[in-house]
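I have a new structure open and want to get my bearings. These are my notes, kept short.

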Amino acid sequence: MSEALALVPKATAKQSMKDFKTDQEVRWCPGCGDYAVLAAVQSFMPELGLARENVVFISGIGCSSRFPYYMNTYGMHSIHGRAPAIATGLATSRRDLSVWVVTGDGDALSIGGNHLIHALRRNVNLKILLFNNRIYGLTKGQYSPTSETGKITKSTPMGSLEAPFNPVSLAIGAEAGFVARTIDSDRKHLQSVLRAAAAHPGTALVEIYQNCNIFNDGAFDTLKDNATAAEAVIRLEHGQPIRFGTPAADGLGSKGVIRDPATGDLTVIDITQTGTGTDQILIHDATAPNPATAFALSRLADPDTLHHTPIGIIRNTQRPVYDTDMAHQLDQAVTQHGEGDLTTLLTGPDTWTVPA
C-alpha cells in the first residue's frame, strides 16, 4: 500500500465495479465522454481495496460535476470552482479519507483557477481529475479557458480572441508533483494513470481529454483516429526514449524528441530523414526534480492542431505533503503546550467589548 493510502481503512470484503455504482440514473448526453471516464473509474476503484465509506468524490459545477451522484461512495456536488478548497479542508482534517476532485476546464480554470493552483502548490493529499472538452457544455456551448484561439461559439460568433490555458503547463508552473494527461476513450491508459495518481503522496492532477459530442464534437479526433494518432500522440513512458510516429527500421517510432544543442529547447525530429542518431533522443524522466524538461514537454503540443501532444505521466516527483506536515506541526504544538482551549482562545487578550 502506498504512503498516499496508508491511513485509509481497507475494505473488509472483495469489491467489484458493481459496488461503486449507485441507483441514480446517469444523466449526461448520449455519447458524452463522461460515460467512459465514469466506467473507467468505477472499474478501477476496487483495485485500491479501500472501504467505500472512506472514499470521497467532490465536484464543482459543470457536466462532469455530476460525478459524485454516480459513485457509491461519499461525495459532494459543491459550488462553482471551489471543489479544490473544500477538498483541501476535508483532506487535511480527515487523513483517513481518499479524497478525489472531479472538475472541468471551465470550473477548474476560470472561476476556480485560484483554488486549483493553491491546492497544487500546497501539495495536499488529493487527486484531481480535470475533464477537458475545451467548451462550456452545461451552459450550452460557450468558449472555455482551454478553447483554441479563433473558436467560434455562441459567445464568440467571430472567433475567440483569447489564448487558451494549457492545464499541464499550468499545473507544472504551480509546482505540482504529479501531472498526467490521458484520453477518455483509452480505458487502459486512463486506468494506468489513475493507479499512479492514487499511489502518489500529495496532489495529483490528471487532465482527461473528454469529448463533448453536442457542443464540441470531434475536438480530439486527431489524437483518436488511427490515421492521425501515430503522428500526433507522444506516449510518454518513464525511462524510455521519447519516440512516436510510424515505426522506423528498429521497430520504434520514426520521430523523436531531442534537445536542441543551440537553444536548449525541445524539438521533434524525423529520425529517418535527418540522420540524427537515436542516442540523442531524450529519455523521459518523470521523476526529475527540476520541472524544466516536464514543462518543455507540455509545450510541444500545438494548441490548434494538437499535433505532438504528450500523454501519460509527465511529472511524478516527491514533495512534502501539506496535510502530513500539518499533522506533525499540530502534534508538536500539543507536546510543547498541551491541548488547546477554544474558550480561552476566543476570550483571550485580543478581544474586547464594544459599548452599547
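Here is what I looked up, from the whole chain down to single residues.

**Ground rules.** I am working with a predicted model, where local features need pLDDT of at least 70 and side-chain atom pairs count only at pLDDT 80 or more, while totals for chains, interfaces and linings use all residues. I number residues from 1 along each chain as its sequence is written, and side-chain values use heavy atoms, with hydrogens and water left out.

**Whole chain.** I find 12 helices and 11 strands; these are DSSP runs numbered from the N terminus, helices being H or I of at least four residues and strands E of at least two. Along the principal axes, the C-alpha atoms fill a box of roughly 80 × 55 × 45 Å. I checked the radius of gyration too: the chain has 22 Å, which agrees with the value near 21 Å for a compact globule of 356 residues. That radius is taken over C-alpha atoms, and the globule rule is 2.2 Å times the number of residues to the power 0.38.

**Surface and contacts.** Of the 356 residues, 48% are buried. My cut-offs, with a 1.4 Å probe and protein chains only, are under 20% relative accessible area for buried, over 50% for exposed, and partly exposed in between. The accessible surface comes to about 17,300 Å², and carbon and sulfur atoms account for 54% of it; the areas come from the Shrake-Rupley method with a 1.4 Å probe, and for residues only the protein chains shown count as cover. Contact means heavy atoms within 4.5 Å. Taking contacts between residues at least 6 apart in sequence, I see that 67% join residues at least 24 apart.

**Helix α1.** I went to residues 33-48 next: the 16 residues should span 22 Å at 1.5 Å a residue, and the end C-alpha atoms are 24 Å apart, which agrees. The expected span is 1.5 Å times one less than the number of residues. Is α1 mostly covered or mostly open? It is mostly covered, with 12 of its 16 residues buried. Among them are V37, L38, F44 and M45. What covers the buried residues of α1? The cover includes β1 (55-59), β3 (98-104), β4 (127-132), α6 (187-199) and β6 (204-209). Right after α1 comes G49, with a positive phi near 70°.

**Helix α11.** I ran the span check on residues 322-337 as well: 22 Å is expected for the 16 residues, and the end C-alpha atoms are 22 Å apart, which agrees. G338 follows α11, and its phi is positive, near 85°.

**Positive phi outside glycine.** Most residues other than glycine have a negative phi, so I noted the next two. R134 has a positive phi near 60°. I place R134 in the loop between β4 and α5 (167-173), where it is buried at 6% relative accessible area. E175 has a positive phi near 75° and lies in the loop between α5 and β5 (178-183). E175 is partly exposed, with a relative accessible area of 40%.

**N123.** My last stop is in the loop between α4 (113-122) and β4. N123 is buried, with a relative accessible area of 1%. Which residues is N123 in contact with, leaving aside neighbours within four places in sequence? I list P201, G202, T203, R319, P320, V321, Y322 and D323. N123 and Y322 are 199 residues apart along the chain, and their C-alpha atoms are separated by 5.6 Å.
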